[in-house]
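Take a moment to look at the structure below and turn it around on your screen. We will then walk through it together, one region at a time.

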Amino acid sequence: MTLSVALGPDTQESTQTGTASSTDVLTAPDIPWNLVIWNDPVNLMSYVSYVFRSYFGYSEAKANKLMLEVHKKGRSIVAHGSKEQVEQHAVAMHGYGLWATVEKASSGHGGNGSGKGKGKRG
Amino acid sequence: MAKAFKYGLKGITGYLEPAERDLLRSLFDDVISMLEPEERANQDPLAALVGLDTEAREPSDRALRRLLPNVMKDDDKASLEFRRYTERSLRESKIGALKAAALGLDKDELVLTPADARHWSTALNDVRLVLAERLDIRDDADAEHVHRMQDWSQAEDVESYLALVYNFTTWLQESLVQAMLASLEA
């Protein structure tokens, strides 16, 4: 991702709570698919964060945390759900121009990026 | 000179010079023509109507592959299957946003509804993804190198011209996204 101008003052901690979609509920252990967003040098950090907020309804804090995870670690699991759910999210992300893939939750990436803060709402 | 988008009482507003609007219109048109599905003589019209494209292939062009990526990293077969069911409508929704943004270029003063702003932000993003492939931006260092190109009087070859165009669209998209983020707070 690229930071073209500045994130501006609105990166501060926010108390606003997003209206999280049902895929944001990460409690069910039997939900087997992940939506992964990959880093690229083109998409603006602000835009990625905006997409996470407006599409998934994530809070500003959660959206920024996931965006930074994509930027620093190269990828982040941003939603879980059934195969159909995450595929639908992937198409939506492609519509926004984000680089998204789906994968089985156990598919060898060792939960990279999904670990701490999992299930914590902003 | 263009003015940055901002969020205010009238919604999201911006201003572009005629030359800037012409430039954006041609960029939007270029991406539209890349995305337009080829019409095939033997195509099943009913399948096309429901968005199914049994002939869909992973694009050979890098830029188009970035706009229409595989849905699975390590499974080309499943990705192709998925592409056949989804790619046509993805192309159409991208074309729709690009056309909507292009239509808004008829006036110097831009006043964007929330839907307009969404179309503009995805249209600008798709344009930037294509330009970035043409400029061979592969990592953050490449992006930084291109970003340093800011002086139009230095535009002496196609690459430096493309870099300036890329930086202009980056600046415009960033200002739009900041305005959209401000509108989320309101």
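What follows is a guided tour of the place where two chains meet, of the spaces in the structure, and of some charged pairs.

Before we set off, keep in mind that this is a predicted model. Let us begin where chain A and chain B touch. Here 34 residues of chain A are in contact with 35 residues of chain B. Together the two chains bury about 3,000 Å² between them, and 60% of that area is on carbon and sulfur atoms.

Which kinds of polar links join the two chains? Between chain A and chain B there are nine residue pairs in polar contact, counting pairs with both residues at pLDDT 80 or more. Now find the parts of chain A that face its partner. Strand E1 (33–38), helix H1 (45–56), helix H2 (60–73), helix H3 (83–96) and strand E3 (100–104) of chain A each give two or more residues to the side that touches chain B. Of these, H3(A) gives the most, with seven residues. If you sort the residues on this side of chain A by class, you get 18 nonpolar, 10 polar and six charged.

The count of salt bridges between chain A and chain B is two. To see one of them, look for Glu185(B) and Arg53(A), whose closest N and O atoms are 3.0 Å apart.

Next, let us look for enclosed spaces. How many cavities of 30 Å³ or more does a search of the whole structure find? The search finds three. The largest cavity holds about 100 Å³ of space. Its lining draws on both chains: Val91(A) and His94(A) are there, along with residues of chain B that include Leu68(B), Phe82(B), Arg83(B) and Glu87(B). The elements that give two or more residues to this lining are H3 of chain A and helix H4 (76–103) of chain B. H4(B) gives the most, with six residues. By class, the lining of the largest cavity has six nonpolar, four polar and two charged residues.

Pockets come next. The largest pocket has a volume of about 460 Å³. Its lining is made of 19 residues, and the closest to the pocket's centre are Trp99(A), Arg62(B), Arg65(B), Arg66(B) and Glu133(B). Helix H3 (62–67) and helix H5 (114–134) of chain B each supply at least two residues of this lining, and H3(B) gives the most, with three. Sorted by class, the residues lining the largest pocket are seven nonpolar, three polar and nine charged.

Our last stop is back with salt bridges, this time across the whole structure. Over all chains, the search finds 17 salt bridges. In one within chain A, the side chains of Glu103(A) and Arg75(A) meet with an N to O distance of 2.9 Å. Glu103(A) belongs to strand E3 of chain A and Arg75(A) to strand E2 (residues 75–81) of chain A, so this pair ties together parts that are 28 residues apart in sequence.

Technical notes
Residues numbered from 1 in each chain as written. Chains lettered and ligands numbered in written order. Predicted model: local features only at pLDDT ≥ 70, side-chain atom pairs only at ≥ 80, totals over all residues. Heavy atoms only, no water. Contact = heavy atoms within 4.5 Å. Buried area = accessible area lost by both parts, 1.4 Å probe. Salt bridge = Lys/Arg side-chain N within 4 Å of Asp/Glu carboxyl O. Polar contact = N/O pair within 3.5 Å; in protein donor to acceptor, adjacent residues only side chain to side chain. Helix = DSSP H or I, 4+ residues; strand = E, 2+ residues; numbered from the N terminus. Nonpolar A, V, L, I, M, F, W, Y, C, P; charged D, E, K, R; others polar. 1 Å grid on protein atoms, 1.4 Å probe; cavity = no way out; pocket = protein on both sides within 12 Å on 5 of 7 lines; lining within 4 Å. Points joined across faces, edges and corners; volume = space filled by probe spheres on them.
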